[in-house]
Amino acid sequence: MSQNTITDWETRARQLCIEGRCFINGEYREALQGQTFDCISPIDQRLLARVASCEQEDAELAASSARQTFESGIWSRLAPTRRKAVMLRFADLIAEHAEELALLETLDMGKPIRDSLAVDVPATERAIRWSAEAIDKIYDEVAATAHDELGLVTREPVGVVAAIVPWNFPMMMACWKLGPALATGNSVILKPSEKSPLTAIRLAALALEAGLPAGVLNVLPGYGHTVGKALALHMDVDTLVFTGSSRIAKQLMIYAGESNMKRVWLEAGGKSPNIVFADAPDLDEAARSAAAAIAFNQGEVCTAGSRLLVEAPIKDVFVEKVASALREYWQPGHPLELETRVGALVDQAQTETVLGYIRSAQEEGARLVVGGRQVRQESGGFFVEPTLFDQVTSDMRIAREEIFGPVLSVMTFESFEDAIAIANDTIYGLAAAVWTRDLSKAHLAGKALRAGSVWINQYDGGDMTAPFGGFKQSGNGRDKSLHAFDKYTELKATWIKL
Ligand code: NAD
């Protein structure tokens with residue numbers, strides 16, 4: 001881990017030469033119409049860069065470059081071992097630029113530098129490296145045919161992939177898509193969020209330096225309703241992969257239906273239940289984990305454990321333990337201080353949304369136990385205390401809607417059936433956790449929970465080997481693991497008469 005002080009990071013921040021242009025066909029360029037938007041740091045509202053605001057014309061140019069490269073075969077037909085070598089070099093370059101990328105991510109999005117260094121950069125590197133290592137270990141199939149026939153079942157890259165990603169883990173979300181998309185030979189157009197475009201723009205140069213041919217990766221910063229929509233409606237984009245809100249996810253399905261029926265794969269929102277039974281093996285550990293599950297990354301996590309369901313006999317004791325953990329470990333601080341665990345929310349709009357939910361919880365009768373205030377306003381940044389509400393009921397807005405901020409709702413349950421019913425009473429199905437020392441109860445809960453990831457006696461486990469994605473309105477398809485490769489390939493059956 002870096003030993004840099006806040007002064008060192010500030011010095012490096014001033015020295016950064018931040019690239020804000022889009023990246024098409026292997027080179028940085030201004031948006032065709034020359035428009036830009038201001039990229040502002042949520043830490044103190046300093047201007048970081050003027051970023052190209054891409055539109056329809058830029059989407060056209062990037063799509064045509066991606067198509068040409070794909071058809072040329074320069075990447076799509078390159079031998080797997082050679083694709084693998086380029087991607088491993090890309091992963092190495094991410095590791096070599098770890099501090100620069102971490103600093104950019106923190107300045108752009110407000111998360112603590114300790115997390116950018118310890119979580120975001122390593123996970124980004126792993127996503128590329130893991131996908132690269134898989135390339136030459138995947139085999140196609142031979143069908144069970146009659147003696148005089150041969151049936152081949154093969155996978156081919158889909159072609160041009162558009163990847164639209166959110167702002168909460170900007171480069172990690174991008175590379176959960178780029179890893180398998182590039183590994184399987186596609187050409188990609190990446191659209192980062194307008195709230196945090198900087199690391200995606202930087203990654204493009206590292207990929208080129210690693211040897212990725214020009215045109216295979218294009219990066220188009222800009223707004224969702226302009227360049228995002230243009231990509232989603234584009235007739236020459238074969239597959240659209242998305243991480244973001246369920247509201248926009250639904251819109252993308254409409255765009256696909258209105259255009260070329262492109263394949264659409266969606267990783268969307270969550271309202272994940274964290275269920276603590278009275279027989280949890282270690283209540284202190286469960287409480288520390290529940291605090292982290294809502295405060296890590298300022299609660300701006302799709303799998304945030306935002307609904308804490310506690311069995312009645314231990315509820316008061318447990319809530320006090322979570323409250324102390326939040327008070328002790330999870331107070332907002334300057335994101336460039338290595339000790340800081342809670343940074344700035346991504347922008348003013350998100351801060352207002354979070355404060356609005358806190359007000360609505362109070363109006364609806366929930367009991368505020370910890371937090372609830374905007375703090376550090378003198379810094380010019382957007383900081384909100386991790387907040388815990390007790391006595392939340394299923395009909396309250398904070399129990400039903402994804403807040404995407406550090407606001408935890410505690411609900412009480414009386415029985416196993418009650419816990420599962422409350423947990424599943426949501427439009428989402430991304431993740432869920434269960435704390436119990438009873439193995440059968442843990443497994444039965446795991447089966448009953450309608451969620452793509454279930455954690456037992458922990459929160460947020462998993463790595464590149466496990467598929468990640470949602471049930472219900474949390475989306476379809478999976479990121480990570482070999483299952484992710486399905487999204488980026490078409491299956492072909494070739495039948496040969498011998
Ligand atoms: P968002 O849906 O507002 O935006 C996501 C992306 O879509 C951005 O790049 C945005 O510019 C783009 N976009 C917006 N409107 C568009 C349009 N009309 N056409 C095309 N693109 C458009 O989400 P957000 O606020 O950036 O991110 C927060 C959301 O992401 C939360 O709901 C969170 O749960 C979800 N998320 C999910 C996962 C997961 O893996 N399931 C991971 C991280 C975040």
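**The ligand and the two domains**

In this predicted model, a backbone N or O atom of Lys 229 lies 3.5 Å from a nitrogen atom of the ligand. Another backbone approach involves Ala 268, where a polar backbone atom is 2.8 Å from a nitrogen atom of the ligand. Trp 167 takes part through its side chain instead, placing a polar side-chain atom 2.9 Å from an oxygen atom of the ligand. Around the ligand there are 29 residues in total, and those that come nearest are Val 165, Glu 194, Ser 245, Ala 268 and Glu 402. Ala 268 therefore appears both among the nearest residues and, by the cut-off of 3.5 Å between N or O atoms, as a partner in a polar contact with the ligand.

To place these residues in the chain, it helps to turn to the domains. The domain assignment divides the protein chain into domain 1, covering residues 6-268, and domain 2, covering residues 273-461. Taken over C-alpha atoms, the centres of domain 1 and domain 2 are separated by 31 Å. The two domains touch through 25 residues of domain 1, which are in contact with 29 residues of domain 2.

The area buried between domain 1 and domain 2 is about 2400 Å², and carbon and sulfur atoms give 62% of that area. Within domain 1, the residues that lose the most area to domain 2 are Ile 43, Arg 114 and Trp 167, which together account for 23% of what that side buries. Trp 167 thus belongs to this group at the domain interface and also has the side-chain approach to the ligand described above.

Polar links cross the interface as well, with ten residue pairs in polar contact between domain 1 and domain 2. Three elements give two or more residues to the side of domain 1 that touches domain 2, namely helix H1 (6-15), helix H4 (98-109) and helix H5 (113-134). H5 gives the most to that side, with five residues. By class, the side of domain 1 that touches domain 2 has 14 nonpolar, five polar and six charged residues.

How many salt bridges does the rule find across the interface of domain 1 and domain 2? There is one. Lys 195 and Asp 347 form a salt bridge, in which the closest N and O atoms are 3.1 Å apart. In the whole structure, the search finds 34 salt bridges. One of them joins Glu 71 to Arg 67, with the closest N and O atoms 3.2 Å apart. Glu 71 and Arg 67 both lie in helix H2 (residues 56-72), and they are four residues apart, about one turn of the helix.

Terms used. Residues are numbered from 1 along each chain as its sequence is written. This is a predicted model: local features need pLDDT of at least 70, side-chain atom pairs count only at pLDDT 80 or more; totals for chains, interfaces and linings use all residues. Side-chain values use heavy atoms; hydrogens and water are left out. Domain bounds come from an automatic or database domain assignment. Contact means heavy atoms within 4.5 Å. Buried area is the accessible area (1.4 Å probe) that two parts lose on being put together, summed over both. A salt bridge is a side-chain nitrogen of Lys or Arg within 4 Å of a carboxyl oxygen of Asp or Glu. A polar contact is a pair of N or O atoms within 3.5 Å; within protein, one must be able to donate a hydrogen and the other to accept it, and residues adjacent in sequence count only if both atoms are side-chain atoms. Ala, Val, Leu, Ile, Met, Phe, Trp, Tyr, Cys and Pro count as nonpolar, Asp, Glu, Lys and Arg as charged, and the others, Gly among them, as polar. A residue is near a molecule or strand if one of its heavy atoms lies within 4 Å of it.
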